[in-house]
Amino acid sequence: MHNRDRERTRRRLLDAAFVEFAAHGIAGARMERIARIARCSAGLAYNYYGGKDELFDAVQSEVAGATSLEFDVRDLPGYAGRLYDLQHQHPEFARLATWQRLERRSQEARTAEVEAIRSAQEAGLVSSRFPADQVLQLVLAVASMWASAPSSSDHGVRRRTVEAAVHRLVDP
């Protein structure tokens, strides 16, 4: 019974931290608020995760697992469309990624994707106008360009625009 309670508390802390970090980022998040939302003491929250940075890392790890999409270098427009769909359905994922970029300033290592793009460029399947790492960053930027914009147009129109833009970007 004790282990199940510990796991429930850990889950409540992660869920509360997800909401808090998406809304306020790392700097603006407060462990006391997270603990209150999770219905536990701040001391217990620190006991479980050590601190705000460790808790943010745990949230990011969970989000990465929940948001993993199949990367297919032969269909970068489709990948961008799926990423756009995910961010449209869960805008908090995009907000967390933005806070990660703003406050941690470390780029997520995406070596496998960059190498796949480089190989596809060498095979003539993907345009070589830009280096592989830049192609990946551009695809990610196009896919998330509406993540923080007000919804002024139809989701389907936006998705088709994302796919068409990436297609033009990567077409050899």
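In the predicted model, Tyr84 is buried, with a relative accessible area of 3%. The ring of Tyr84 is paired with that of Trp146: the two centres are 6.2 Å apart and the planes stand at 70°, so the arrangement is edge-to-face. Because Tyr84 belongs to helix 5 and Trp146 to the loop between helix 8 (132-143) and helix 9 (155-170), this pair ties together parts that are 62 residues apart in sequence. Trp146 is partly exposed, with a relative accessible area of 22%, a value that exceeds the 20% under which a residue counts as buried.

A search of the whole structure yields four aromatic pairs. Among them is the pair formed by Phe21 and Phe56, whose ring centres lie 5.0 Å apart with planes at 85°, so that this pair is also classed as edge-to-face. Phe21 is part of helix 1 (residues 2-28) and Phe56 is part of helix 4, and the contact therefore ties together parts that are 35 residues apart in sequence. Both Phe21 and Phe56 are buried.

An aromatic ring is also involved in a contact with a charged group. The charged end of Arg10 sits over the ring of Tyr49, at 5.5 Å from the centre of that ring.

A further contact concerns a loop residue. Asp72 is placed in the loop between helix 4 (52-66) and helix 5 (76-89). The relative accessible area of Asp72 is 18%; since buried means under 20%, Asp72 is counted as buried. The side chain of Asp72 reaches the backbone nitrogen of Arg74 at a distance of 3.0 Å, which is within the 3.5 Å required of a polar contact.

Terms used:
Residues numbered from 1 in each chain as written. Predicted model: local features only at pLDDT ≥ 70, side-chain atom pairs only at ≥ 80, totals over all residues. Heavy atoms only, no water. Helix = DSSP H or I, 4+ residues; strand = E, 2+ residues; numbered from the N terminus. Buried < 20%, exposed > 50% of the residue type's maximum accessible area, 1.4 Å probe, protein only. Polar contact = N/O pair within 3.5 Å; in protein donor to acceptor, adjacent residues only side chain to side chain. Phe/Tyr/Trp six-rings, centres within 6.5 Å; stacked < 30°, edge-to-face > 60°. Lys NZ or Arg CZ within 6 Å of the ring centre and 35° of its normal.
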